[in-house]
Amino acid sequence: MNMAFSAPARFAGFLTVRPPAHARFRRQFTPFATLSTPPTTSSSSRETVDWVKATASFFEGDNRPIMLFDGVCNLCNGGVKFVRDNDSTRRIRYEALQSEAGKNLLRRSGRAPDDISSVVLVEKDRSYVKSEAVLKIMEYINLPFPQLAFFLQFVPLFIRDFAYDNVANNRYALFGRSDSCEI
């Protein structure tokens, strides 16, 4: 940006030229989560794994979605128990993020296999994370939760995910953790 300013010599000491405010400050963002590329298979370093095909067996005989949760988080275990108690028709399956199946389903969802920062709902054709996963889970369980999910969808995603991230980032401090998965 070329900024030129000419003034009489008597004002030279008093006038300073500064770039506009938007050019002076540079905002740096820290990502909450990063996506990793799928690992390669052992047979060839150039051949990549298609995780949708690799995990298709999870949905062959059973089309119910799978809720992935942090198995050592007390809040997450309580959430799974709550969903299980309010899912009278057993429309949702459960899997810990730390399990081998959970890691493969995370890869299918485009997330790193060691990413335990969010609940994930994996359906046959797509996956949901963070607040979208919570709202989608609410649609599957008993009344009045589908109606509540309907109204909460009108809250902007960035606000819902901000609230979700604040709870998720502090879940161990607020609710504790267990040594193993309780479900």
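**Cores, backbone and aromatic pairs in a predicted model**

Biologist: Which residues does M67 touch, not counting residues up to four places away in sequence?
Modeller: The model is predicted, and contact here means heavy atoms within 4.5 Å. With residues up to four places away in sequence left out, the residues touched by M67 are V80, V83, I92, R93, Y94, E95, V119, V120, L121 and I137.

Biologist: Which residues touch the most other members of the largest nonpolar core?
Modeller: The largest nonpolar core has 21 residues. M67 belongs to the group with the most contacts to other members. The full group is M67, V83, I92, V119, L121 and I137.

Biologist: Which element gives the most to this core?
Modeller: Two or more residues come from each of β1 (66–69), α3 (74–85), α5 (130–140), α6 (145–152) and α7 (157–169). One of these elements supplies five residues, the greatest contribution to the core, and that element is α5.

Biologist: How many residues are in the second, separate core?
Modeller: Apart from the largest core there is a second, separate one, with F59, L68, L97 and V122 among its members. The number of residues in this second core is eight.

Biologist: What is the omega of the peptide bond that joins L143 and P144?
Modeller: P144 is placed in the loop between α5 and α6. The bond joining L143 to P144 is cis. Its omega is about 5°.

Biologist: Is K130 buried or exposed?
Modeller: K130 lies in helix α5 and has a positive phi of about 55° although it is not a glycine. Its relative accessibility is 12%. Buried means under 20%, therefore K130 counts as buried.

Biologist: What relative accessibility does R90 have?
Modeller: R90 is found in the loop between α3 and β2 (93–96). Its phi is positive, near 55°, in a residue other than glycine. R90 counts as partly exposed because its relative accessibility is 46%.

Biologist: What is the angle between the planes of F150 and F151?
Modeller: A search of the whole structure gives three aromatic pairs. F150 and F151 form an edge-to-face pair, 5.3 Å centre to centre. Planes over 60 degrees apart count as edge-to-face, and the angle for F150 and F151 is 75°.

Biologist: What is the angle between the planes of F150 and F154?
Modeller: F150 and F154 are also an aromatic pair, with 5.3 Å centre to centre. This pair is edge-to-face, and its interplanar angle is 90°.

Biologist: Which residues do ring pairs link into a cluster?
Modeller: F150 is partly exposed at 44% relative accessibility. F151 is exposed at 57%, and F154 is exposed at 55%. The cluster linked by ring pairs consists of F150, F151 and F154.

Biologist: About how much accessible area do L75, V167, L174 and F175 have together?
Modeller: L174 is found in helix α8 (residues 171–175). L174 counts as exposed because its relative accessible area is 58%. L75, V167, L174 and F175 form a nonpolar patch on the surface, and together their accessible area is about 350 Å².

Definitions and conventions. Residues are numbered from 1 along each chain as its sequence is written. This is a predicted model: local features need pLDDT of at least 70, side-chain atom pairs count only at pLDDT 80 or more; totals for chains, interfaces and linings use all residues. Side-chain values use heavy atoms; hydrogens and water are left out. Patches are made of residues with over 30% relative accessible area and no salt bridge: like charges are joined within 9 Å, nonpolar side chains (Val, Leu, Ile, Met, Phe, Trp, Tyr) within 5 Å. Accessible areas come from the Shrake-Rupley method with a 1.4 Å probe; for residues, only the protein chains shown count as cover. A salt bridge is a side-chain nitrogen of Lys or Arg within 4 Å of a carboxyl oxygen of Asp or Glu. Helices (H or I, at least four residues) and strands (E, at least two) are DSSP runs, numbered from the N terminus. Buried means under 20% relative accessible area, exposed over 50%, partly exposed in between (1.4 Å probe, protein chains only). A nonpolar core is a set of buried Ala, Val, Leu, Ile, Met, Phe, Trp, Tyr and Cys residues joined through side-chain atoms within 4.5 Å. Rings of Phe, Tyr and Trp (its six-membered ring) pair if their centres lie within 6.5 Å; planes under 30 degrees apart count as stacked, over 60 as edge-to-face and the rest as tilted.
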